[in-house]
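Student: I'd like to learn how to read the chain contacts and cores in a model like this one. Can we go through it together?

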Amino acid sequence: MPDIVIHTNKLTKRFGNFIAADEITFEVEKGEIFGFLGANGAGKTTAMRMLCGLSAPSSGEATVAGFDVYKQTEQIKMNIGYMSQKFSLYEDLTVLENIYFFGGIYGLNKKDLKSKSEVLLNQLGMHHEAKKLVKTLPLGWKQKLAFSVAILHQPKIVFLDEPTGGVDPVTRRQFWDLIYEAAESGITIFVTTHYMDEAEYCNRISIMVDGKIKALDTPANLKKKYGATNMDEVFFELARGAKRAE
Amino acid sequence: MKKQLFIFIRKEFAHVMRDSKTLLVLFGLPIVQILIFGFALTNEVKNAKIMVVDRAHDVYSQQLIRKIEASRYFEIKTDGISNSNIEENFKAGAIKVALIIPSNFNQNLLHENAAELRIVADASDPNTANTLTNYLSSIIMDFQNEVNIHTTLPYKIIPEIRMLYNPQLKGVHNFVPGVMALVLMLVCVMMTAISIVKEKETGTMEILLVSPFKPILVLISKVIPYLILSLVNVCTILLLSVFVLNLPVNGSLLLLFAESTLFIITCLSIGVFISVKTDSQQTAMLISMMGMMLPTILFSGFMFPIENMPLPLQIVSNIIPSKWYYVIVKSIMIKGLGFSAIWKETLILFFITIILTGISLKSFKIRLA
Amino acid sequence: MMRTIRYLLQKEFKQIFRDKSILRIILIIPIVQLLLLPLAANYEVKNINLSVVDNDHSVYSNLLISKITASGYFKLQSYDASFKKAMGNIESDRSDLILEIPQNFENNLIRDNEEQLFVAVNAINGVKANLGGAYLNTIVRNFNGDIRLQLITPQKINPMPVIEITNANWYNPFMNYHLFMVPGILAFLVTMIGGFLCALNIVKEKEIGTIEQINVTPIKKYHFILGKLIPFWLIGLVVFSIGMLISYLVYGIVPLGSIAMLYGFVAVYLLAILGFGLLVSTFCQTQQQAMFIAFFFVMIFILMGGLFTSIDSMPPFAKIIAGLNPVSYMIDVMRMIVLKGSGFDDIKFHLLKIIGFAVVLNSWAILNYRKTT
């Protein structure tokens with residue numbers, strides 16, 4: 001029996017009459033790279049925000065890292081990392097200052113901060129930029145930095161909300177290298193994206209349409225099931241019936 | 001072209017009308033200000049707390065105290081007994097002024113034909129202190145005349161004082177024109193400057209400028225909504241002042257609107273000028289607040305008397321458009337004068353507008369080139 | 001927990017000191033306001049412009065006019081041939097007051113024992129008109145007394161009781177307006193800095209999205225809020241100190257009362273006003289909105305705070321509103337301690353109310369600020 005780190009059962013979020021997430025049920029195993037796909041407005045971000053404890057569910061149940069999303073949001077927050085589609089580091093702080101700040105508020109001590117930031121800067125090859133303000137860095141570097149900062153405290157799960165928007169394919173590839181490394185070290189990756197090539201990199205993916213999960217399997221199985229040659233076709237097949245595409 | 005202009009203007013309106021916080025400032029602030037100025041604020045001093053230290057306790061002292069009590073300027077707080085009492089009350093802010101009536105007041109006045117009264121004022125607020133001392137002195141003078149009622153004075157000069165325009169000496173006559181200047185300044189300068197700079201900041205200005213639309217039309221479409229909203233504000237303020245504050249428009253309403261439109265255009269040109277010269281919303285906000293709001297409040301003449309300022313500031317006040325508009329509104333609305341009385345002020349506003357628009361357009365074109 | 005707050009504070013201070021525009025606001029606003037406002041905010045009624053229509057041209061009329069102009073309150077603007085001409089000067093704001101001396105003023109006064117003078121005042125500014133009229137009245141009365149002495153031989157005067165009035169102006173014997181305005185402006189300054197900067201700062205994090213990142217960390221609500229309050233609380237105190245220094249250097253104002261007590265009060269007041277800023281930030285999504293909301297309320301606070309006009313003169317309902325305005329207590333206490341040397345007993349109720357405001361505003365803001373939606 002593998003470790004289940006995220007478990008949801010009929011998780012629902014309503015905004016008035018609008019049902020943003022409709023009875024979502026799925027499980028994510030430890031160390032998995034779990035892709036969360038859907039058109040704009042399908043409910044991906046809403047679902048993710050509920051799992052991170054940013055938004056209270058309307059009904060249904062869910063646990064993240066073994067903690068309940070209704071009552072134990074503070075414990076959940078100790079065990080997750082998060083990177084939003086809006087850029088999430090402080091632009092007017094330097095690279096090093098951001099690392100120390102976020103590491104510090106997760107309770108890392110001085111010694112750990114020093115060694116970890118050293119490792120991190122090495123890994124990203126950003127030694128020369130350590131004292132530069134984040135706003136002076138190119139977008140791709142910022143994203144890699146934001147990801148590294150999000151897993152600095154070695155969370156059980158890291159949530160990535162469209163982490164690679166707006167950068168070129170090469171930089172995206174480098175970003176995914178970082179993701180693989182993190183997954184190998186035992187961190188579960190929960191990632192939303194609408195790049196279909198990225199979907200192929202995931203162990204398993206779910207596809208959301210109009211707030212519901214329409215498909216959930218490995219990329220290979222999905223392609224087989226829908227008789228498609230690539231994920232684009234799978235996605236198109238499923239999303240065609242969507243009512244609330246933007 | 002006409003249709004495109006209309007589309008642009010509609011978009012601008014949508015921005016403004018969609019944000020409840022902007023609406024609050026845009027329409028709430030004028031109403032609240034008129035109400036505050038109309039009902040709450042007054043430069044007049046009344047119901048001031050006074051302490052009477054009556055050491056005489058005789059017929060005359062009682063008569064004088066009753067007279068003070070009857071005046072609407074004073075409210076007798078306590079009768080104290082000593083000077084240290086006065087000090088305590090001043091420190092606690094319980095009284096503003098004290099009157100000390102010496103013992104033997106009655107006797108001195110009747111037998112020696114002279115008595116001394118002492119007024120002690122809390123001059124930490126010099127304005128109030130001065131006014132209260134004046135009021136109290138004139139009550140005492142009246143009292144003296146009553147005491148002397150049996151002796152008629154020869155060679156009496158009787159000044160007959162007429163209060164022009166505002167016989168009840170209400171504060172609103174002064175404030176309404178001031179608030180109009182202030183509100184129009186706020187709406188036109190701050191709002192236009194911020195909204196244009198915002199488009200620059202978010203990059204949508206570029207999109208507008210690459211559209212088949214002349215740059216000047218982009219600017220016009222940005223300012224027209226504020227022109228209309230400002231005119232709405234002028235109407236609101238006038239309606240409030242006529243129907244709620246009972247302050248009539250004595251002169252020509254048409255002329256008042258024409259002059260207001262001119263002033264609004266002047267303010268819009270300032271707003272455009274600021275937006276052309278700055279790049280971030282925060283800077284635009286600061287400049288319009290510090291650079292425009294403060295001078296408007298200071299130098300329009302409706303809150304602070306310009307003639308009391310040091311000469312350099314008096315000179316500076318001449319380049320503040322709201323000063324001239326304030327004079328214009330006062331002349332039309334309250335004095336009921338016609339155009340012949342305000343043509344000079346009108347001309348000044350006109351020139352300020354032309355100059356600012358010229359500079360803005362020039363640097364706007366340079367930017368594009 | 002102390003560690004978390006320490007990290008938050010470090011971050012906050014780094015950001016503040018890196019932002020030159022905030023530093024500029026902190027330094028320039030106090031200086032500009034303290035130098036400019038007191039110069040402008042002078043309500044003393046003097047320099048009343050006078051137009052004279054002298055239809056008599058007698059010795060008495062000349063005497064009266066020179067007595068008026070010598071008083072120091074009036075500035076002779078014009079001699080006009082007719083009332084209508086003089087009225088033109090009132091209309092163009094060149095003069096504030098018309099004194100018309102009727103024909104045969106002197107002769108009538110001696111023959112009829114009584115004569116009138118006509119005075120017309122531009123009363124758009126009611127206070128100025130009222131005081132101007134009162135000044136003129138006093139001068140005329142004195143003039144009247146003078147000519148009576150001249151005209152009547154001493155033995156014919158009935159001995160008349162005369163009351164002599166002496167007056168003293170405590171705390172400010174030279175009637176210096178700066179003394180009155182500067183402490184009030186300092187209060188206004190602390191309010192602006194505290195309310196605006198705090199609200200803008202938090203909303204900025206919302207606008208650029210970093211607050212999301214904070215919300216998924218284990219930082220507690222009150223950690224985050226303390227991390228925001230403490231820096232701006234300190235900045236408020238620094239601005240206040242700069243202001244005190246300027247008012248000493250430029251205006252020579254030294255508080256008569258205890259400086260420690262002054263700082264104590266300002267410290268508590270800042271908590272209240274920061275709570276207000278915090279509350280504003282919970283209602284807004286963008287800096288522009290926060291700016292507008294803060295501006296709207298600060299404007300009302302200042303107008304209703306007794307900085308320019310006295311609260312005592314307000315009608316009862318307005319006094320109640322002023323009582324709900326924290327700024328009014330601050331302005332009052334500043335003036336009491338600085339100018340009058342009031343002690344703790346004099347301000348304790350002010351202090352209690354401000355503590356009340358601080359508790360209510362901050363609790364409301366904390367309840368309203370949610371990490372989860």
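**Domains, contacts and cores**

Tutor: Let's start inside one chain: the C-alpha centres of domain 1 of chain B and domain 2 of chain B are 49 Å apart. The domain bounds come from an automatic or database domain assignment, which gives domain 1 as 2-41 + 170-368 and domain 2 as 48-147. This is a predicted model: local features need pLDDT of at least 70, side-chain atom pairs count only at pLDDT 80 or more, and totals for chains, interfaces and linings use all residues. Residues are numbered from 1 along each chain as its sequence is written, while chains are lettered from A and ligands numbered from 1 in the order in which they are written.

Student: Which chains have the most contacts between them?

Tutor: Two residues are in contact if their C-beta atoms, placed from the backbone, lie within 7 Å. Among the 2 pairs of chains that touch, B and C have the most contacts. Their contact takes in 92 residues of chain C and 91 residues of chain B. On the chain C side, α6(C) gives the most, with 14 residues; helices (H or I, at least four residues) and strands (E, at least two) are DSSP runs, numbered from the N terminus.

Student: How do the residues on that side of chain C divide by class?

Tutor: Ala, Val, Leu, Ile, Met, Phe, Trp, Tyr, Cys and Pro count as nonpolar, Asp, Glu, Lys and Arg as charged, and the others, Gly among them, as polar. The side of chain C that touches chain B has 53 nonpolar, 27 polar and 12 charged residues.

Student: In which sense do β5 of chain B and β4(C) pair?

Tutor: Strands pair if DSSP finds at least two bridges between them. Here β5 (residues 156-164) of chain B and β4(C) run parallel over 9 bridges, and B:Ile158 sits opposite C:Gln116.

Student: What about chain A: how many of its residues are in contact with chain C?

Tutor: 23 residues of chain A are in contact with 19 residues of chain C. Chain A and chain B don't touch, and their nearest C-alpha atoms are 15 Å apart.

Student: Which residues touch the most other members of the largest nonpolar core?

Tutor: A nonpolar core is a set of buried Ala, Val, Leu, Ile, Met, Phe, Trp, Tyr and Cys residues joined through C-beta atoms within 7 Å; buried means 20 or more other C-beta atoms within 10 Å of a residue's own, with C-beta atoms placed from the backbone. In the largest core, of 204 residues, they are B:Val97, B:Ala98, B:Leu184, B:Cys188 and B:Val189. Helix α7 (residues 172-202) of chain B supplies the largest share, 20 residues.

How values were computed: Buried ≥ 20, exposed ≤ 12 C-beta atoms within 10 Å, placed from the backbone.
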